Amino acid sequence: ILSELDDLANIERVASAITEVLRLPFNLANELAYVSASLGITIYPDDTTDTDSLIRNADQAMYLAKDSGRNRFSYFTKSMQEKALYRQHLLNDLHFALEEQQFELYYQPIVDLSTGEIIKAEALIRWHHPVRGLVSPVEFIPLAEESGIIVEIGNWVFKEAARQAVLYQQKIARPLQISINKSPIQFHMASDHIDWSEYLEEINLSGESIVIEITEGLLMNKGSHIDQQLVAFHKLGMQIAVDDFGTGYSSLSYLSKFDIDYLKIDQSFVQNLTASSDELSLCEAIIVMAHKLGLKVIAEGIETEQQKQLLNNAGCDFGQGYLFAKPLPAKEFEKLLI
């Protein structure tokens, strides 16, 4: 508490001093320990005159400082309060979204670049909020992960995508793989491959019809349970794809440690793709490396014929992006298959 402030600049002086002091190493049992501080600042009476509200304001500001990279300070603002309230209301509504059937899966085609045939699709969740309308996954997926609701949502996504795969395959009389995203939180909070196995048997769907998309970050986790779950999925016939490849980690050792089937080149490498760009060189290197390891490659974010042709010439196996189609509701996607 800084009392009798006559100059707001003093706040930053004190906050900077605190963070600098706490950055210094602590000597604990002859071992050096390093910590950092995140400070949240609220001002009386500008922000509020209520003691409890001041503490809440400072707490919100502190979390903003942490989210911004830690070892810094942040001021409470009205917009921050509004954002916090919005998140809280959204989280409350998220608890009822499943039982009230507010979720829907959209499907985006994944095509064979050499033939143009749609042989896969990625299932992408959408939330039809009764008041807010269509809520972006960018907004609600982090909330679902923080609260643990992601496990229930993930199970629903799997079963809905698998059910839809059966319907699609009956319509077109040929195999069609559906990719689903599995959050790292799901791996840590639940081992759901047993339930998934039973459901596949129940609807008479081969595990080969499902691809599990995971992040690079998950594979950097040293826990053996990650490897065990991936092995369990493979035993069911499912395949594994690493999403947004190339954006997370420089270490590639996990490609030989884990049984991976696909690498998905992140759209940031594709969006500026030209015949003379560094991005093309990177894409070519990824494709060659993947093929040497026996992996197939899917390029995300293809929007132009030039991008498609360059990737096809480089040997990329599959493509996904607005050039082929945006994510579509199940019925509209079906029209692309027939």
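Let's start with a charge over a ring: R126 lies over the face of Y106, and the distance to the ring centre is 5.4 Å. There is another case to look for on your screens. K182 lies over the face of F187, this time at 5.0 Å from the ring centre. Please keep in mind that this is a predicted model, and that the numbers I quote are computed from it.

Keep F187 in view, please, and let's turn to rings that pair with rings. How many aromatic pairs does a search of the whole structure find? The search comes up with 13. One of them joins F187 and F233, with 6.3 Å from centre to centre and 90° between the planes, an edge-to-face arrangement. Where do these two rings come from? F187 sits in helix α6, residues 184-189, while F233 sits in helix α9, residues 224-235, so this pair ties together parts that are 46 residues apart in sequence.

Are these two residues buried or exposed? F187 is buried, at a relative accessible area of 1%, and F233 is buried as well, at 0%. Both also belong to a wider group: ring pairs link F158, F187, W196, Y199 and F233 into a cluster.

Now for another pair, Y262 and F318. Why is this pair called edge-to-face? The ring centres are 6.2 Å apart and the planes meet at 65°, and edge-to-face needs an angle over 60 degrees, so the pair qualifies. Y262 lies in strand β11, residues 262-265, and F318 in strand β13, residues 318-319, so here the pair ties together parts 56 residues apart in sequence. Y262 has a relative accessibility of 7% and counts as buried. F318, at 8%, counts as buried too.

Next, the cysteines. How many disulfides does a search of the whole structure find? The result is zero. Take C283 as an example: the closest cysteine sulfur belongs to C316 and is 7.7 Å away, too far for a bond. A disulfide needs the two sulfur atoms within 2.5 Å. Looking from the other side, C316 is in no disulfide, and its nearest cysteine sulfur is that of C283. C283 counts as buried at 0% relative accessibility, and C316 counts as buried at 4%.

Let's move on to how two helices pack. Find helix α5, residues 150-172, and helix α14, residues 330-337: their axes are 11 Å apart and the packing angle is about 30°. Angles under 35 degrees count as roughly parallel, and α5 and α14 are therefore roughly parallel to each other. Their crossing is right-handed.

Here is a loop residue for contrast. T274 is found between α11 (267-270) and α12 (278-292). With a relative accessible area of 32%, T274 is partly exposed. Which distance separates T274 from Q307 in space? From C-alpha to C-alpha it is 7.1 Å, although the two residues are 33 residues apart in sequence.

Finally, let's zoom out to the protein as a whole. Its secondary structure comes to 14 helices and 14 strands. The C-alpha atoms fill a box of roughly 75 × 45 × 45 Å, taken along the principal axes. The protein has 338 residues, and 43% of them count as buried. F187, F233, Y262 and F318 are examples of buried residues you have already met today. Thanks for listening, and do go back and turn the model around yourselves!

Notes: Residues are numbered from 1 along each chain as its sequence is written. This is a predicted model: local features need pLDDT of at least 70, side-chain atom pairs count only at pLDDT 80 or more; totals for chains, interfaces and linings use all residues. Side-chain values use heavy atoms; hydrogens and water are left out. Rings of Phe, Tyr and Trp (its six-membered ring) pair if their centres lie within 6.5 Å; planes under 30 degrees apart count as stacked, over 60 as edge-to-face and the rest as tilted. Helices (H or I, at least four residues) and strands (E, at least two) are DSSP runs, numbered from the N terminus. Buried means under 20% relative accessible area, exposed over 50%, partly exposed in between (1.4 Å probe, protein chains only). A charge sits over a ring if NZ of Lys or CZ of Arg is within 6 Å of the ring centre and within 35 degrees of the ring normal. Axes are lines fitted to C-alpha atoms, for helices over the stretch in contact, and angles run from 0 to 180 degrees between N-to-C directions. Angles under 35 degrees count as roughly parallel, over 145 as roughly antiparallel, 65 to 115 as roughly perpendicular and the rest as oblique. A crossing is left-handed if the near helix is turned anticlockwise from the far one by less than a right angle, and right-handed if clockwise.
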